[in-house]
Amino acid sequence: MAIFIFFTAHWYLSLFSQTFFQHRYAAHGSFTMSKGWEKFWFIFTFVTQGSSYLSTRAYALMHRMHHAYADTDKDPHSPLHFKNVFTMMWHTKNVYTAIFDGRTKVEPRFAKNVPDWPAFDKFAHSWAPRIFWAAVYTGYYVYFATSWWMFLLLPIHYMSGPVHGAIINWYAHKFGYKNFEMKNTADNLFHVDVLMLGESYHNNHHMRASNANFGVRWHEIDPVYGVILLFNKAGMIKLKQPKPNPVETDF
Ligand SMILES: [Zn+2]
Ligand SMILES: [Zn+2]
């Protein structure tokens with residue numbers, strides 16, 4: 001039971017940081033927040049993503065490129081260009097690292113209004129905290145695991161970010177259904193998305209990238225949008241009006 005609780009909590013908390021803060025806020029600017037709250041969510045993201053912490057700035061730049069160039073040869077991760085999910089994710093890692101290290105010149109339009117905390121990233125993105133968090137997960141399992149097979153879940157803790165990324169960037173560009181016909185391959189992977197907190201309504205999202213709500217049809221319930229409405233009501237964030245006439249290359 002202790003392992004189940006820890007696994008579920010880590011899965012959803014790390015995914016929440018990604019979808020709420022890095023994706024909907026940093027990459028798409030679906031809402032605004034004060035600099036103080038921004039710092040809070042940077043730290044929250046570090047604590048919840050732990051060993052696979054992503055730089056919010058590098059993630060947002062790469063993700064805007066994905067929307068603008070989806071499935072063309074400039075797309076950082078299109079399943080059309082790779083044999084399997086592992087080669088695509090390895091390439092994604094290389095593109096991401098080159099952006100983080102400043103080796104890739106990113107078009108200025110992608111770098112507009114991207115939240116950044118360089119001093120924090122310098123620490124959070126280094127090896128020492130990654131090893132520390134991996135040791136915390138391992139220690140928890142050593143103490144609480146009641147069967148050997150439970151240890152097979154540990155790699156998902158170590159690499160929660162890439163695992164979530166692979167589910168959307170590979171599977172939601174290969175399988176599912178479409179509400180909108182577009183030039184890119186984005187699908188809605190699940191009819192009701194509990195596993196990925198709304199991220200899997202990926203066809204909807206490519207069509208209406210700046211919209212904080214990823215659901216369109218009645219059954220496409222987006223749990224994170226519910227949280228966003230609550231935060232908006234509480235004054236922690238300010239929801240923005242999405243683009244009135246979106247096109248599929250918007251970000
Ligand atoms: Zn996509
Ligand atoms: Zn997006």
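These are my notebook entries on a predicted model of a single chain.

**Entry 1: the overall fold**

I began by counting the elements, and I found 10 helices and two strands in the chain. Reading along the sequence, I wrote down the pattern α-β-α-α-α-α-α-α-α-α-α-β. The radius of gyration came out at 18 Å, close to the 18 Å that the globule rule gives for 251 residues, so I noted the chain as being as compact as a globular protein of that length. I also looked up the box that the C-alpha atoms fill along the principal axes, and it is roughly 55 × 40 × 40 Å. Of the 251 residues, 35% count as buried. Among contacts with a separation of 6 or more, 65% are between residues 24 or more positions apart.

**Entry 2: the nonpolar core**

Next I asked which residues have the most contacts inside the largest nonpolar core. I found that this core has 35 residues, and that Ala58, Tyr59, Leu61 and Met62 are the ones with the most contacts inside it. The elements that give two or more residues to the core are α1 (2-27), α2 (35-49), α3 (56-68), α4 (85-100) and α10 (223-233). I then followed Leu61 outward and, leaving out residues up to four places away in sequence, I saw that Leu61 touches Ile99, Val106, Phe110, Ala111 and Val114.

**Entry 3: helix α8 and its buried side**

I turned to helix α8, which spans residues 160-169, and listed Ser160, Gly161, His164, Gly165, Ile168 and Asn169 as buried. Why do these residues fall on the same side of α8? They cover an arc of only 145 degrees around the axis, and this is what puts them on the same side of the helix. I reminded myself of the general rule that an α-helix has 3.6 residues a turn, so residues three or four places apart point the same way. What do the buried residues of α8 pack against? I found that they pack against α1, α2, α4, α7 (154-158) and α9 (202-207).

**Entry 4: where α4 meets α8**

I looked at one of these partners in detail, bearing in mind that two packed helices are described by the angle between their axes and the distance between the axes. The axes of α4 and α8 come within 11 Å and cross at roughly 115 degrees, and I recorded the crossing as right-handed. On the α4 side the residues that meet α8 are Val85, Met89 and Thr92, and on the α8 side their partners are Pro162, Gly165, Ala166 and Asn169. Gly165 and Asn169 had already appeared in my list of buried residues of α8.

**Entry 5: two residues with positive phi**

I searched the loops for a positive phi in residues that are not glycine, and I noted Asp71, with a phi of about 70 degrees, and Asn113, with a phi of about 50 degrees. Asp71 is found in the loop between α3 and α4, and it counts as partly exposed because it has 19 C-beta neighbours inside 10 Å, whereas a residue needs 20 or more to be buried. Asn113 is found in the loop between α4 and α5 (118-124), and with 8 other C-beta atoms within 10 Å it is exposed.

**Entry 6: pairs brought together by the fold**

I stayed in the loop between α4 and α5 to look at Arg109, which is exposed, with 9 other C-beta atoms within 10 Å. Arg109 and Arg64 are 45 residues apart along the chain, yet their C-alpha atoms are separated by 9.3 Å.

Is His125 buried, exposed or partly exposed? I found that His125, in the loop between α5 and α6, has 16 C-beta neighbours inside 10 Å and therefore counts as partly exposed. His125 and Ser51 are 74 residues apart in sequence and 8.9 Å apart in space, C-alpha to C-alpha. Leaving aside neighbours within four places in sequence, I found His125 in contact with Tyr53 and Ser55.

Finally I looked up Thr138 in helix α6, which covers residues 127-144. Thr138 is partly exposed, with 14 other C-beta atoms within 10 Å. From Thr138 to Pro155 I counted 17 residues in sequence and 9.8 Å in space, C-alpha to C-alpha.

Terms used
Residues numbered from 1 in each chain as written. Chains lettered and ligands numbered in written order. Predicted model: local features only at pLDDT ≥ 70, side-chain atom pairs only at ≥ 80, totals over all residues. Core = buried A, V, L, I, M, F, W, Y, C linked by C-beta atoms within 7 Å. Buried ≥ 20, exposed ≤ 12 C-beta atoms within 10 Å, placed from the backbone. Helix = DSSP H or I, 4+ residues; strand = E, 2+ residues; numbered from the N terminus. Contact = placed C-beta atoms within 7 Å. Arc of directions from axis to C-beta. Rg over C-alpha atoms; globule rule 2.2 N^0.38 Å. Axes fitted to C-alpha atoms, helices over the stretch in contact; angles between N-to-C directions. Left-handed = near helix turned anticlockwise from the far one by under 90°.
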